[in-house]
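I pulled up this model to see how its parts fit together. These are my notes, in the order I looked things up.

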Amino acid sequence: EFERSVGKGLPQENPKHPLTKEMKTRDGAAYYLPKFLVSSGIVSSSSEARRKIEEKALKHNGAPWTRNEISVSQVKVGDIFQIGKRSVEVSFLEKT
């Protein structure tokens, strides 16, 4: 009864997932977000990821993100990517 009237308690931690070198663009200056979103399980396909990004449904640390890529300098460990109620935290950056 108490749990139903007060809520479920503290929010759960976000699942963590690394940004790896396989997710980088050819020039190595950015990460390709559709690969990251599919690999983390937030979306089921790259086309769904691109569509969500185009629809401005992707948020990076709470702000809308509208590009398929994020430069290496714009992302750090602990950043949160979210689509709807699903979110993932960057756990590791593979830079080389």
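**Aromatic pair**

I searched for ring pairs first and got one aromatic pair in the structure. My search took rings of Phe, Tyr and Trp (its six-membered ring) as paired if their centres lie within 6.5 Å, with planes under 30 degrees apart called stacked, over 60 edge-to-face and the rest tilted. The partners are Phe-36 and Phe-81: ring centres 5.6 Å apart, planes at 65°, so I logged the pair as edge-to-face. It links distant parts of the chain, since Phe-36 sits in helix α2 and Phe-81 in strand β6, 45 residues apart. Both Phe-36 and Phe-81 are buried. Buried here means under 20% relative accessible area, exposed over 50%, and partly exposed in between (1.4 Å probe, protein chains only).

**Ground rules**

This is a predicted model, so I noted the filters: local features need pLDDT of at least 70, side-chain atom pairs count only at pLDDT 80 or more, and totals for chains, interfaces and linings use all residues. Residues are numbered from 1 along each chain as its sequence is written, and side-chain values use heavy atoms, with hydrogens and water left out.

**Overall inventory**

I count three helices and seven strands. Helices (H or I, at least four residues) and strands (E, at least two) are DSSP runs, numbered from the N terminus. Read from the N terminus, the elements go α-β-β-α-α-β-β-β-β-β. I find 31% of the 96 residues buried. The protein exposes about 6,400 Å², with carbon and sulfur atoms supplying 50% of it; these areas come from the Shrake-Rupley method with a 1.4 Å probe, and for residues only the protein chains shown count as cover. I also checked contacts (heavy atoms within 4.5 Å). Among those between residues at least 6 apart in sequence, 49% join residues at least 24 apart.

**The sheet**

I traced an open sheet of five strands, in the order β1-β7-β6-β3-β4, with mixed pairing. Two strands count as paired if DSSP finds at least two bridges between them. The edge strands, β1 (16–19) and β4 (63–64), each pair on one side only. β1 runs parallel to β7 (residues 86–93), joined by three bridges, and Leu-19 stands opposite Leu-93 in β7.

Next I followed β6. It pairs with β7 in the antiparallel sense over four bridges, and Ile-80 stands opposite Glu-89 in β7. β6 and β7 make a hairpin with two residues between them, and Gly-84 in the turn has a positive phi of about 60°. β6 also pairs with β3, again antiparallel, over three bridges; there Leu-58 stands opposite Ile-83.

Which side chains of β6 are buried? Phe-81 and Ile-83 point to one face and are buried, while Ile-80 and Gln-82 point to the other and are not. β1 alternates too: His-17 and Leu-19 are buried on one face, whereas Lys-16 and Pro-18 point to the other and are not.

**Helices**

Back at α2 (residues 33–40), I see that it packs on the sheet, touching β1, β3 (58–60), β6 (80–83) and β7, and that its direction makes about 145° with that of β1. For that angle, axes are lines fitted to C-alpha atoms, for helices over the stretch in contact, and angles run from 0 to 180 degrees between N-to-C directions.

In α3 (residues 46–54), the buried residues are Glu-48, Ala-49 and Ile-53. Seen down the axis of α3, they fall within an arc of 135°, so they line one face of the helix; the arc is that of the directions from the helix axis to the C-beta atoms. The buried residues of α3 pack against α2 and β3. After α3 comes Lys-56, with a positive phi near 60°.

**A lysine to note**

Lys-24 is in the loop between β1 and β2 (30–32). Lys-24 is buried, at a relative accessible area of 15%. I also checked Lys-35, eleven residues along the chain from Lys-24: their C-alpha atoms are separated by 9.0 Å.
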